[in-house]
Amino acid sequence: MARLCVVGMGYVGLVTALCFAKLGNSVIGVDKDINKLKLLSEGSPTFYEHGLDELLREGLEKGKLSFTNDINRSIEQSEIIFICVGTPPGENGRPDLSQVEEVARSIAINLKSYKLIVEKSTVPAGTAERIKQTIKLAGGEDTVFDVASNPEFLREGSAIADFSCPDRIVLGVDTSMARTMLKELYRDFDCPVLITDIATAELIKHASNAFLATKISFSNLVADICEKVGANINLVVDGLGYDRRIGREFLNAGIGYGGSCFPKDVKAFAAMAGALGVNNTLLKEVDRINEDRIGAIVKKIEDALWVCKNKRIALLGLAFKCNTDDIRESPGIKLVRELVRKGSLVTCYDPKAMDNARGELKNLGDVLSFAETPYVAASEADALVLMTEWPEFVQLDFLRMKKLMRTPVIIDGRNMLQAEEIEKIGFWYSGIGCHRGNRKSKFQYDN
Ligand code: UDX
Ligand code: UDX
């Protein structure tokens, strides 16, 4: 078994640390956030992820897992160091890699024996060369370390399952030592292992996220066309998805993609292509279509209510997708801000993300309130807007909802409800790209 150090106890690093400990490796989780470390050492996860608490407790009980902010000692005691720190958006869309650089400098002053440094954070192709250069300039010798790329393909909400049963493992290496150590680390995995040079592995990650985001923006583009011709996007994408070359996943139209990955990775990929002199129009269009989704939702609210000002909007769903409490780049959060800017009174509810949302939105004042249940949120509301596909929202008692609301309007940002049922109850229902119920389809050719 290997001795590992995982730097960055965020959504990626913590899952990586716990899953490697489960496989029998000794893992040190490193972070600068003392509060985070204290909670983790007590067995309390710092974010919601299915199955995380059991893995954390098991790792601590078996003595396979420890947490510290002492990065120097952790590096010294480990053979393999995973870099899982944040790579947030920087200027002009390029990622801010200062956290990665800081870890590289810490490694450079602790190279008393061979270390394999592994990038797991999503980074632009060429970052590994930067890490090598940083370490050498800060005093590290060529012979005592290698850098490799082992990108993560974890989806929030299914991160542990995605780690344990990946579609593929990608190992970007440039020495036989690095290749041997990583193949050994992943020996128990039963999936394709793709071994490439480092830049190729870095690029696979960026291109994967950008392509998945492209599927989503393509679906949203087609949804906009569906609305003009009275077609139903859900059936259109079913029709596309039966083609094995296309596949049905990541074609759900709606409010666009959020989260800490797609929005920043598409921008970063476009910025990198542009900096290399490659035409990045396609990637910029994927991003533009996505950015326009909030405006499309507001227009649907105005189609029903005429103006947003002084209207009470009940907004269900603040997490960027279901099965997570993460609100980073969440469309629900963006819609709250836009509705408040337009003078609406907004009442929000989310089953998991309320605490994170309260912190993020605390400066919006009393035009924003947080309800303990969807029914409290709907009381006296002029419209109900569904922004996150939590299954409990499908089970709501809409007859009761209608009695509670001031006007019966539902904007379904995830096409998660049965329009015909909802319209039978007497709601004005508007989904995304779906000609629903008996409302007249209208061809709106401009020319
Ligand atoms: C991040 C990126 O968002 C993702 O695209 C990439 O693939 C992996 O890294 P995430 O786990 O969500 O994913 O990052 P984040 O939740 O921001 O956690 C980063 C952690 O690193 C934080 O806990 C932060 O305290 C810690 N950190 C950051 C350090 O411990 N040391 C540092 O020098 C910088
Ligand atoms: C993504 C990638 O899937 C994962 O491989 C990578 O490692 C990290 O980024 P994540 O961001 O956690 O994972 O969530 P994902 O399930 O991919 O959803 C991303 C966004 O796309 C969410 O806002 C989701 O609501 C949206 N989405 C997803 C759609 O709008 N339509 C879809 O059909 C699928």
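A residue counts as partly exposed here when its relative accessible area falls between the 20% that bounds buried and the 50% above which it is exposed. That yardstick is handy for the salt bridges of this structure, which is a predicted model. Glu79, at 27% relative accessibility, therefore counts as partly exposed. Its partner gets the label of partly exposed too, since Arg3 has a relative accessible area of 39%.

The side chains of Glu79 and Arg3 meet in a salt bridge, with 3.6 Å from N to O. Glu79 sits in the loop between α4 (71-76) and β4 (80-83), while Arg3 belongs to strand β1 (residues 3-7), so the pair ties together parts that are 76 residues apart in sequence. In general terms, side chains of opposite charge can pair when their charged atoms come close. By the rule used here, the count comes to 35 salt bridges.

Another of these pairs is Lys132 with Asp174, whose side chains meet at 2.4 Å, N to O. This pair also links distant parts of the chain: Lys132 is in helix α6 (residues 127-137) and Asp174 in the loop between β7 (169-172) and α8 (176-185), 42 residues apart. How much of each partner is covered? Lys132 has 13% relative accessibility, so it counts as buried. Asp174, on the other hand, is partly exposed, with a relative accessible area of 42%.

A more local pairing turns up in helix α13, where Asp303 and Lys299 lie four residues apart, about one turn of the helix. Their side chains form a salt bridge of 3.1 Å, N to O. Asp303 has a relative accessible area of 46%, which means partly exposed, and Lys299, with 48%, is partly exposed as well. Elsewhere, salt bridges that share partners join Lys22, Glu58 and Lys62 into one network.

Then there is Lys321, a charged residue without such a pairing. Lys321 lies in the loop between β9 (312-316) and α14 (331-341). It is buried yet has no salt bridge, and the nearest side chain of opposite charge, that of Glu156, is 6.6 Å away. Why does that not count as a salt bridge? The reason is the cut-off, because a salt bridge needs a side-chain nitrogen of Lys or Arg within 4 Å of a carboxyl oxygen of Asp or Glu. The backbone of Glu156 tells another story: its oxygen lies 2.4 Å from a polar atom of the Lys321 side chain. Leaving aside residues up to four places away in sequence, Lys321 touches Arg155, Glu156, Thr388, Glu389, Trp390 and Arg414.

Several of these names come back around ligand 2. This ligand is surrounded by 19 residues, and the closest are Glu156, Lys205, Gly258, Lys321 and Arg414. Backbone atoms also make polar contacts with oxygen atoms of the ligand. A backbone N or O atom of Glu156 lies 2.7 Å from an oxygen atom of ligand 2, a polar backbone atom of Leu154 is 3.0 Å from an oxygen atom of the ligand, and for a backbone N or O atom of Phe320 the distance is 3.2 Å. Taken alone, ligand 2 exposes 670 Å², and the protein buries 93% of that. Helix α9 (residues 198-229) gives the largest share of the shell around ligand 2, with three residues.

Ligand 1 has 21 residues around it, of which Asp31, Lys36, Glu152, Lys264 and Arg328 come nearest. Here side chains supply polar contacts. A polar side-chain atom of Glu152 lies 2.7 Å from an oxygen atom of ligand 1, and one of Thr122 lies 2.9 Å from an oxygen atom of the ligand. For Ser260, a polar side-chain atom is 3.5 Å from an oxygen atom of ligand 1. On its own, ligand 1 has 690 Å² of accessible area, and the protein covers 87% of it.

Finally, there is α14, the helix after the Lys321 loop. Which residues of α14 are buried? They are Pro331, Gly332, Ile333, Leu335, Val336, Leu339 and Val340. The cover over these buried residues includes helices α13 (293-305) and α15 (354-360), along with strands β9, β10 (345-349), β11 (368-370) and β12 (383-386). Just after α14, Gly343 takes a positive phi of about 90 degrees.

Technical notes: Residues are numbered from 1 along each chain as its sequence is written. Chains are lettered from A and ligands numbered from 1 in the order in which they are written. This is a predicted model: local features need pLDDT of at least 70, side-chain atom pairs count only at pLDDT 80 or more; totals for chains, interfaces and linings use all residues. Side-chain values use heavy atoms; hydrogens and water are left out. Helices (H or I, at least four residues) and strands (E, at least two) are DSSP runs, numbered from the N terminus. Buried means under 20% relative accessible area, exposed over 50%, partly exposed in between (1.4 Å probe, protein chains only). Lys and Arg count as positive and Asp and Glu as negative; His and the chain ends are not counted. A polar contact is a pair of N or O atoms within 3.5 Å; within protein, one must be able to donate a hydrogen and the other to accept it, and residues adjacent in sequence count only if both atoms are side-chain atoms. Contact means heavy atoms within 4.5 Å. A residue is near a molecule or strand if one of its heavy atoms lies within 4 Å of it. Accessible areas come from the Shrake-Rupley method with a 1.4 Å probe; for residues, only the protein chains shown count as cover.
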